[in-house]
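Please open the structure in a viewer, with the sequence alongside. The tour below proceeds by selection, and each stop states what is to be found there.

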Amino acid sequence: MNTERIDQLLENYFEGQTTVQEEKELQRFFRQNNLPEKYRAEKAMFDYYAAEKARKVKKVPFYRTLWVQTVAAAAVIILAFGLFLQMPQGQALISGRSYMIKNGKVINDPDLVRKEAIKALDDVTGNSKSKVKTKADDEAQAIMLQQLSQFGK
């Protein structure tokens, strides 16, 4: 390659006026082994840039990123499960006991839960004084009372 051309490209390079193509031309030139002595400093600089670029491009192997993602997902699941168990609903679910939340408080007394459920059932099926009760209401209430008998067991 012509040394006059390289000198002009280097001058433009240091002034920040080179194109990408011209910079690639300089990189190719400085990859050569037998360069004139006057280009030793510039060769060291371009070798350093090439080494830094190669170091930054180095990719993390796929199995390592997959392993990190798997561990992170497992940690999130364990954390979520732990938080769930700290909640009253989670504790009741694990213990198998019936519970209800009334006015922001957890009630897990089976008799009280059953009474409140029957009271709510009466309101829904028309067993209250303001509604007229139908045969379908009676059937629905009988089925729900049968299922409600499972509370507290």
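The stops run from the whole chain to the salt bridges, then to a buried charged residue and a pocket.

**The whole chain**

Begin with the entire chain shown as a cartoon, bearing in mind that this is a predicted model. Seven helices and two strands can be traced in the chain. Their order along the sequence is α-α-α-α-α-β-β-α-α. Colouring by accessibility gives a second view: of the 153 residues in the chain, 20% are buried. For the contacts with a separation of 6 or more, 31% come from residues 24 or more positions apart.

**Salt bridges**

Next, display the charged side chains. The structure contains four salt bridges, and three of them are visited here, starting with Asp7 and Lys38.

Select Asp7 and Lys38, whose closest N and O atoms are 3.2 Å apart in a salt bridge. Asp7 belongs to helix H1 (residues 3-14), whereas Lys38 sits in the loop between H2 and H3, so this pair ties together parts that are 31 residues apart in sequence. The partners can also be compared by accessibility: Asp7 is partly exposed, at a relative accessible area of 31%, and Lys38 is exposed, at 52%.

Move to Arg40 and Glu37, where the side chains form a salt bridge with an N to O distance of 2.8 Å. Arg40 is exposed, at 60% relative accessibility, and Glu37 is likewise exposed, with a relative accessible area of 55%.

Then select Lys43 and Asp47, a salt bridge in which the closest N and O atoms are 3.4 Å apart. Both residues lie in helix H3, four residues apart, or about one turn of the helix. Asp47 is partly exposed, its relative accessible area being 36%.

**A buried charge in helix H2**

Now select Glu22, which is located in helix H2. Which side chain of opposite charge is nearest to Glu22? It is Arg5, at 4.6 Å. Glu22 is buried and has no salt bridge; the cut-off for one is 4 Å between a side-chain nitrogen of Lys or Arg and a carboxyl oxygen of Asp or Glu. To see the surroundings, add Arg5, Leu9 and Gln17, the residues in contact with Glu22 once its neighbours within four places in sequence are set aside.

**The largest pocket**

For the last stop, select Tyr13, Val20, Glu23, Lys24, Gln27, Phe30, Arg31, Phe46, Asp47, Tyr49, Ala50 and Lys53, which line the largest pocket. Which elements give two or more residues to this lining? They are helix H2 (20-30) and helix H3 (40-57). The volume of the pocket is about 310 Å³. Colouring the lining by class shows six nonpolar, one polar and five charged residues.

Keep Asp47 and Arg31 selected, as both appear in the lining. Although these two residues are 16 residues apart along the chain, their C-alpha atoms are separated by 7.5 Å. Asp47 thus links two stops of the tour: this residue of helix H3 is a salt-bridge partner of Lys43 and also lines the largest pocket.

Note on methods:
Residues numbered from 1 in each chain as written. Predicted model: local features only at pLDDT ≥ 70, side-chain atom pairs only at ≥ 80, totals over all residues. Heavy atoms only, no water. 1 Å grid on protein atoms, 1.4 Å probe; cavity = no way out; pocket = protein on both sides within 12 Å on 5 of 7 lines; lining within 4 Å. Points joined across faces, edges and corners; volume = space filled by probe spheres on them. Nonpolar A, V, L, I, M, F, W, Y, C, P; charged D, E, K, R; others polar. Buried < 20%, exposed > 50% of the residue type's maximum accessible area, 1.4 Å probe, protein only. Lys, Arg positive; Asp, Glu negative; His and termini not counted. Contact = heavy atoms within 4.5 Å.
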